Amino acid sequence: MTQEAPLPSERRARLIARVRETGSARVSDLSRVLGVTPVTVRRDLAVLVMDGALEKVHGGARIPARTAGRQDVEDAADAGQPTIGVVVPSLDYYWPEVIRGARGAADGSARLILRGGSYDVDQIRHQLAALVGDDGGPGVDGLLVAPPASGPDATELGDWLAGLDLPVVLMERRLVGGPYREPLESVATDHALGSGTAARHLAERGHRQVGLVTSRTSPHSAAVRRGFLAAAPDLEFDVVLDLETAPLGDPAWAADAASVLDRCAETGVTAVLVHSDREAISLVELARERGVRVPTDLAVVAYDDEVAALADPPLTAVSPPKAAIGAAAVELLTRRLADADRPVHRIELSPRLIVRASSAGSGV
């Protein structure tokens with residue numbers, strides 16, 4: 001028997017539920033989840049936007065700021081649970097695992113409302129303001145947030161967060177705020193330790209001429225670079241290549257990647273640490289096209305370990321404890337809610353190195 005198609009009202013209710021669950025959703029995602037064509041999704045979105053149930057964004061929709069999370073707050077209050085707003089810069093790379101850890105830690109003890117922001121201070125501020133109750137928002141009990149952490153706008157955001165009358169825990173970020181420039185509560189990975197571990201691994205494999213490639217847009221690049229360079233003097237190798245590149249997807253990436261391989265050939269580099277996975281995988285593909293063998297001619301270590309294991313060859317990678325970051329942040333926040341006078345905690349977690357085929361060779 002053919003299964004009866006859901007009524008439009010039922011389908012649209014499922015569509016709203018999906019958008020509420022993820023914070024925002026693209027047409028392609030909604031089409032896949034609902035099992036209908038993109039044309040049907042767009043038609044439903046037009047109706048729901050007209051009714052004020054959703055807000056249109058490029059390629060999809062989100063819950064309007066004035067209504068997002070309000071029902072979640074009411075449900076959590078009825079259950080005696082705190083409601084925690086979560087704002088992260090991306091919902092498709094690095095942060096899904098952090099969110100998973102937060103959800104696991106909050107299960108049964110708190111309700112999370114997720115919002116995907118960006119690396120733009122104004123967008124993050126907009127999302128936070130909607131959560132804390134500005135403009136009729138839901139009014140959460142606390143915030144987990146990964147804001148931009150450098151520049152004058154970030155400084156202003158730190159002051160704003162410090163002045164909120166509710167607890168805030170930063171994830172993978174450090175900020176200070178208030179008149180005495182005091183640190184906000186935070187949970188972060190020791191990225192300098194992670195890159196230092198990668199440096200020691202390459203030295204142990206006999207590499208003496210090594211390179212470092214970091215993304216100029218990543219907030220973790222400065223710490224990755226600091227740890228790698230700090231480890232070099234004790235390891236009897238030279239960092240003869242230290243380059244910042246555009247991120248994968250930027251039109252400048254292709255030229256930057258070609259320049260990395262050119263410089264490796266010119267300087268005799270036999271191993272590189274590349275931040276992050278996506279750039280490392282692309283670099284390996286370009287190396288293969290040039291006849292450079294990985295790891296025989298060039299060992300590669302990635303930083304982030306999001307998709308490094310899926311590369312060919314699988315990439316050795318520094319793996320930040322992403323799920324543990326989210327779980328620890330929820331724990332910090334719930335403890336702060338229970339005891340407002342406890343000391344400010346700044347937790348630093350250690351990443352680990354996962355050795356795979358891309359660094360199996362020797363640099364000798």
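This tour visits a series of selections in the structure, beginning with the whole chain and ending with salt bridges.

**Before starting**

The model is predicted; local features require a pLDDT of at least 70 and side-chain atom pairs a pLDDT of 80 or more, whereas totals for chains, interfaces and linings use all residues. Residues are numbered from 1 along each chain as its sequence is written, and side-chain values use heavy atoms, with hydrogens and water left out.

**The whole chain**

Display the protein as a cartoon: it has twelve helices and 17 strands. Helices (H or I, at least four residues) and strands (E, at least two) are DSSP runs, numbered from the N terminus. Of the 364 residues, 50% are buried. Here, buried means under 20% relative accessible area, exposed means over 50%, and partly exposed lies in between, with a 1.4 Å probe and protein chains only. Among contacts between residues at least 6 apart in sequence, 71% join residues at least 24 apart; a contact means heavy atoms within 4.5 Å.

**Strands β4 and β5**

Select residues 111-116, which form strand β5. Five of these six residues are buried, so β5 is largely enclosed by the rest of the structure. Next add residues 83-88, strand β4, which runs parallel to β5 and is joined to it by six bridges. Two strands count as paired if DSSP finds at least two bridges between them. Within this pair, Val88 stands opposite Gly116 in β5. Then show residues 95-106: the chain passes from β4 through this helix, α5, to β5, in a right-handed β-α-β crossover. Right-handed means that, with the strands pointing away from the viewer, the path from the first strand over the helix to the second runs clockwise.

**Helix α10**

Select residues 253-267, the 15 residues of helix α10. From first C-alpha to last, α10 reaches 21 Å, close to the 21 Å expected at 1.5 Å a residue; the expected span is 1.5 Å times one less than the number of residues.

Now colour the buried residues of α10: Trp253, Asp256, Ala257, Val260, Leu261 and Cys264. They cover an arc of only 135 degrees around the axis, which places them on the same side of α10; the arc is that of the directions from the helix axis to the C-beta atoms. An α-helix has 3.6 residues a turn, so residues three or four places apart point the same way.

The buried residues of α10 pack against β11 (209-215), β12 (238-245), β13 (271-275) and α11 (277-289). On the face turned away from the buried side, look for the exposed residues Ala254, Ala255, Ala265 and Glu266. Gly268 follows α10 and has a positive phi, near 80 degrees.

**Salt bridges**

The structure holds 15 salt bridges. A salt bridge is a side-chain nitrogen of Lys or Arg within 4 Å of a carboxyl oxygen of Asp or Glu.

Select Arg336 and Glu185, whose closest N and O atoms are 3.1 Å apart in a salt bridge. Arg336 belongs to helix α12 (residues 322-338) and Glu185 to strand β10 (residues 185-189), so the pair ties together parts that are 151 residues apart in sequence. Arg336 is buried, at 11% relative accessible area, and Glu185 is buried at 5%.

Finally, select Arg356 and Asp305, whose side chains meet in a salt bridge (3.0 Å, N to O). Arg356 lies in the segment after β17 (352-354), and Asp305 in the loop between β14 (299-303) and β15 (316-319), 51 residues apart. Both Arg356 and Asp305 are buried. To conclude, add Arg342 to the display: salt bridges that share partners join Glu185, Arg336 and Arg342 into one network.
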